[in-house]
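These are my notes from one sitting with the model. I went through confidence, then backbone oddities, then a few side chains.

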Amino acid sequence: MHSTETGAQATARQTRTERAEQTARRGLRRGATGSLLALGLAGVLAGCAGQTATQPVATSGKPDGIYQASGNEPSWNMTLAQNMLTLETPDGPRMAGPVLHAHAEGGNRTYEAKAMQVEITAKACSDSMSGQSYADTVRIVTQGRTLTGCGGASLAPTSLNGTRWVVTALDGHRLADGSKAPSDTDRTTDEPGLKAGAPDMAPTLDINDSGKISGSDGCNRYVGGLEFGKDGRVKASAQGGISTMMACPGRQDTIARQFSALTRAVTHWRTDGNALVLETGDKKTVRLRQVF
């Protein structure tokens, strides 16, 4: 026999069917949302991975991780620190922005910011003004122009020929006058026409293109006595005539005598950062800074 469905039973069956369909639809929506979340998370992770891969590493040799570079004609200074590039030039506003992309290939590193691209090549570079050598050659492209210069760690010179120095310390005792810039009188290269007079200066050391020296001992000018060679070598040479024979006040006379005694005993030279250090056989030192 066939049973006959009452109106109440039909209504109940329809209600159950609608609820089942609603449940199915909610399940589909949850599944779709879960898939979208999964895809979004994957994209975020991929983006983070890409950002991590392009984080620049500033190889400055300094514990603070700051990389610096500079150039001349026109003058500019660039700093790379904490994933930020900063460029300063005298004829334009200071530019700064985060590194958006960085990559390395062989001995080259490239950093890209919104308004500039910096290329660092591991090739020794000599500053065109100071003559100081640095570990890297740097090229910056920004606002339609290209800037070139040097960056990274300063390199110890292999030769001192053609350089000028002022003494900042004698055997560990600092000289206040070592911070002053030499005047024409203090330069002491025995140039004709220079006015003689007691220099208000620390001793100076001029090394010519063949390694021979002249300078001021802090009281009188001198020529010769040492000859500088490559890679730290120093040898005694004939002392030339003293171009001035002035009697100097007590402190200047003391400095002059100490400088002369130490330089006569110098056996080799070395650099300490940007400073030149002359050492005697018994480890006494003359410390100097370069002047230009």
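**Entry 1: confidence**

pLDDT is the predictor's confidence in each residue, on a scale from 0 to 100. I note at the start that the model is predicted. I looked up the chain average and found a mean pLDDT of 76, with 68% of the residues at 70 or more. I then asked where in the chain confidence is lowest and where it is highest. The low end is helix α1, residues 7-53, with a mean of 41. The high end is strand β7, residues 116-121, at 96. Residues 23-63 have pLDDT below 50, and beyond near neighbours in sequence I find 20 contacts for this stretch in the model. I also marked residues 184-199, where pLDDT stays under 50. For that stretch the model has 35 contacts beyond four places in sequence.

**Entry 2: β1, β2 and β3**

I started with the pairing of β1 and β2. They run antiparallel and share five bridges. Across this pairing, alanine 69 stands opposite methionine 78 of β2. The hairpin has four residues between its strands, and among its residues glutamate 73 has a positive phi near 50°. The peptide bond that follows, from glutamate 73 to proline 74, is cis, with omega near 5°. I placed proline 74 in the loop between β1 (67-71) and β2 (76-81).

On the next strand, I found β2 paired with β3 (residues 84-88), again antiparallel and over five bridges. Here alanine 81 is opposite methionine 84 in β3. Two residues separate the strands of this hairpin, and glutamine 82 in the turn has a positive phi of about 50°.

Which residues of β2 are on the covered face, and which on the uncovered one? I list Trp76, Met78 and Leu80 as covered, and Asn77, Thr79 and Ala81 as uncovered.

**Entry 3: two aspartates with positive phi**

I looked up aspartate 171 and read a phi near 50°, which is positive in a residue other than glycine. Aspartate 171 is in the loop between β11 (163-170) and β12 (173-174). Its relative accessible area is 31%, so I put it down as partly exposed.

Aspartate 231 also has a positive phi, near 55°, and is likewise not a glycine. I found aspartate 231 in the loop between β15 (221-228) and β16 (234-239). Is aspartate 231 buried or exposed? Its relative accessible area is 55%, so it counts as exposed; the cut-off for that class is over 50%.

**Entry 4: two buried aspartates**

I looked up aspartate 127 in the loop between β8 (125-126) and β9 (133-142). Its relative accessible area is 11%, so I recorded aspartate 127 as buried, the limit being under 20%. Which side chain does the side chain of aspartate 127 join in a polar contact? It is that of asparagine 72, at 3.4 Å. Leaving out residues up to four places away in sequence, I listed Ser70, Asn72, Gln132, Tyr134 and Cys150 as touching aspartate 127.

Aspartate 136 is in strand β9. With a relative accessibility of 6%, aspartate 136 is buried. I found a polar contact of 2.8 Å between its side chain and the side chain of tyrosine 67. Under the exclusion of residues up to four places away in sequence, aspartate 136 touches, among others, Arg109, Ile120, Thr121, Lys123 and Cys125. Gly149, Cys150, Gly151 and Gly152 are also on the list for aspartate 136.

**Entry 5: aromatic rings**

A pair of aromatic rings is described by the distance of the centres and the angle of the planes. I looked for such pairs, and the count came to one. Tyrosine 222 and phenylalanine 259 form this pair, with 6.0 Å from centre to centre and 45° between the planes, and I logged it as tilted. Tyrosine 222 is in strand β15 and phenylalanine 259 in helix α3 (residues 250-264), so the pair ties together parts 37 residues apart in sequence.

Are these two residues buried or exposed? Tyrosine 222 has 7% relative accessibility and counts as buried. Phenylalanine 259 has 3% and counts as buried.

Conventions: Residues are numbered from 1 along each chain as its sequence is written. This is a predicted model: local features need pLDDT of at least 70, side-chain atom pairs count only at pLDDT 80 or more; totals for chains, interfaces and linings use all residues. Side-chain values use heavy atoms; hydrogens and water are left out. Buried means under 20% relative accessible area, exposed over 50%, partly exposed in between (1.4 Å probe, protein chains only). A polar contact is a pair of N or O atoms within 3.5 Å; within protein, one must be able to donate a hydrogen and the other to accept it, and residues adjacent in sequence count only if both atoms are side-chain atoms. Contact means heavy atoms within 4.5 Å. Two strands pair if DSSP finds at least two bridges between them. Rings of Phe, Tyr and Trp (its six-membered ring) pair if their centres lie within 6.5 Å; planes under 30 degrees apart count as stacked, over 60 as edge-to-face and the rest as tilted.
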